[in-house]
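Visitor: I am new to this structure. Please take me through one part of it closely, the largest pocket, and then show me what else is worth a look.

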Amino acid sequence: MPKHELVLLKNMMQPGYTGSLADYEKTGGYQALRNALTKLAPTDVTATVMKSGLRGRGGAGFPTGVKWGFLPKDYQGPRYLCCNADESEPGTFKDRQLMERDPHQVLEGIVLACYAIGAQSAYIYIRGEMVLGSKILEHAIGEARAAGYIGQNIFGTGVTVDVWVHRGAGAYICGEETALLESLEGKRGLPRVKPPFPATHGLYNKPTVVNNVETLANLPHILSRGPEWFASIGSPPKSTGTRVFCVSGHVKRPGNYELPMGVTVRDLVFEHAGGMRSDKPMKAFIPGGASAPFLTPSHLDVKLDFESVAAAGSMLGSGGVTVMEEGTSMVWAALRLMEFFYHESCGKCSPCREGSSWLVQTMRRIMAKRGQMQDLETLTDLCKNIAGRTVCAFGDAEVAPIMSTLKHWRHEYVTLIQEAEAANLIRPESVGTRH
């Protein structure tokens, strides 16, 4: 058993727990919702979440209560809540477990959030490949509706909240909140230019909040145990609560680990995930999903909280920690991620659409030992002309693997190019041509 208290994964760790409504109610499920709807005003719920310090668990880490507060106070029309369950970040698989193993925890959080922001309709936008998860959520919604936790006049309070599941079609970009909204409206999933922001012009051009699955799953616990309890966990004041870290790669025990924010990478990998798979030394790790820059073993004692990881030159992101052992080609690793981003680019912005193609071609040339020293300058220039020049953060994400591996393992690029030159694999007439 873990040395610390589990919060989000606690129920599913109990023997025989099925995730059914009956099992969830036995753990005190939906009591936080009952208390909030019968004893608290919507503004009290928002204030409680603000006081807890809860920040978004999807990637950006924006304070949840502050995000809710951006909705216009005097708007009388419909408002919407969208649960972002489009978990497509390579190395991230926490939301899937939360939805499949304890769906009512997520649903209770959704209804609480709807009450706080005044929304009567919530949509769960789930990744299209998660067929099992969507079926489990549909069944759980049916259970909750039949029990009076979802629907009209919940607990006789006059509050109405309906929840619907919408399956995506496999586009990574739809994890970006405005692309998600476009897809939900039946359009092609392309990010919107901001401003205006979803808080004022979101789904169907109405005030909308988009929150991640893990973020919403925390709400019942914050409302039932108090914001002070939540704020005492982790690295207060800016990184409070627990975090579900998804550990994958060259470790002995890959999986999801719920730990207080601020645990070090060393403790996560070597104590909880069992250490390196083949007892080779660690060479690199990604701390927050494929969009986060690579870090080195010198960063093993960095705390996994928002501020510490950012100070180390990366980001906590989605909490997907991918570990690589000595012997892994960092050029190959960067290329594999770059190929993913190239495939998933939506094509809206020229720097990303065109630049990703050139990045992949240049990286493939280097890996095939047909590279030239000038390719390193080309890669750097391309990355600088993509980052910060796109409508959404995708451009910054796709250059992170290349820029960080060039920073920490530039010698591996140089070695491949030198081997190409030594083997005379570069034909003079091919210089500057597009492959």
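Guide: Here is the largest pocket, followed by the largest cavity and one helix. Keep in mind that the model is predicted.

Start with the space itself. The largest pocket holds about 1,300 Å³. Its lining is made of 47 residues. Look to the centre of the pocket to find the closest of them: Gly59, Ala60, Gly175, Glu176 and Glu177.

Now trace the elements around the pocket. Two strands, E1 (80–85) and E5 (208–212), each supply at least two lining residues. So do three helices: H4 (64–69), H5 (94–101) and H16 (394–408). Strand E5 gives the largest share, with five residues. By class, the pocket lining divides into 19 nonpolar, 18 polar and 10 charged residues.

Next, turn to the enclosed space. The structure has one cavity of 30 Å³ or more. About 70 Å³ lies in this largest cavity. Its lining includes Cys346, Cys349, Cys352 and Cys392. Ile173, Pro191, Lys348 and Arg353 are also among the lining residues. Sorted by class, the cavity lining has seven nonpolar, three polar and two charged residues.

Last, find helix H2, residues 31–39. Four of its residues are buried: Ala32, Leu33, Ala36 and Leu37. They lie on the same side of H2, because they cover an arc of only 120 degrees around the axis. Several elements help to cover these buried residues. Among them are helices H3 (42–52), H6 (103–117) and H9 (213–225). Strands E3 (151–154) and E4 (159–167) are also part of that cover.

Methods:
Residues are numbered from 1 along each chain as its sequence is written. This is a predicted model: local features need pLDDT of at least 70, side-chain atom pairs count only at pLDDT 80 or more; totals for chains, interfaces and linings use all residues. Side-chain values use heavy atoms; hydrogens and water are left out. On a 1 Å grid over the protein atoms alone, a cavity is a set of points where a 1.4 Å probe fits but cannot get out, and a pocket is an open set with protein on both sides within 12 Å along at least five of seven lines; lining residues have an atom within 4 Å of a point. Grid points are joined across faces, edges and corners, and a volume is the space filled by probe spheres set on the points. Ala, Val, Leu, Ile, Met, Phe, Trp, Tyr, Cys and Pro count as nonpolar, Asp, Glu, Lys and Arg as charged, and the others, Gly among them, as polar. Buried means under 20% relative accessible area, exposed over 50%, partly exposed in between (1.4 Å probe, protein chains only). The arc is that of the directions from the helix axis to the C-beta atoms. Contact means heavy atoms within 4.5 Å.
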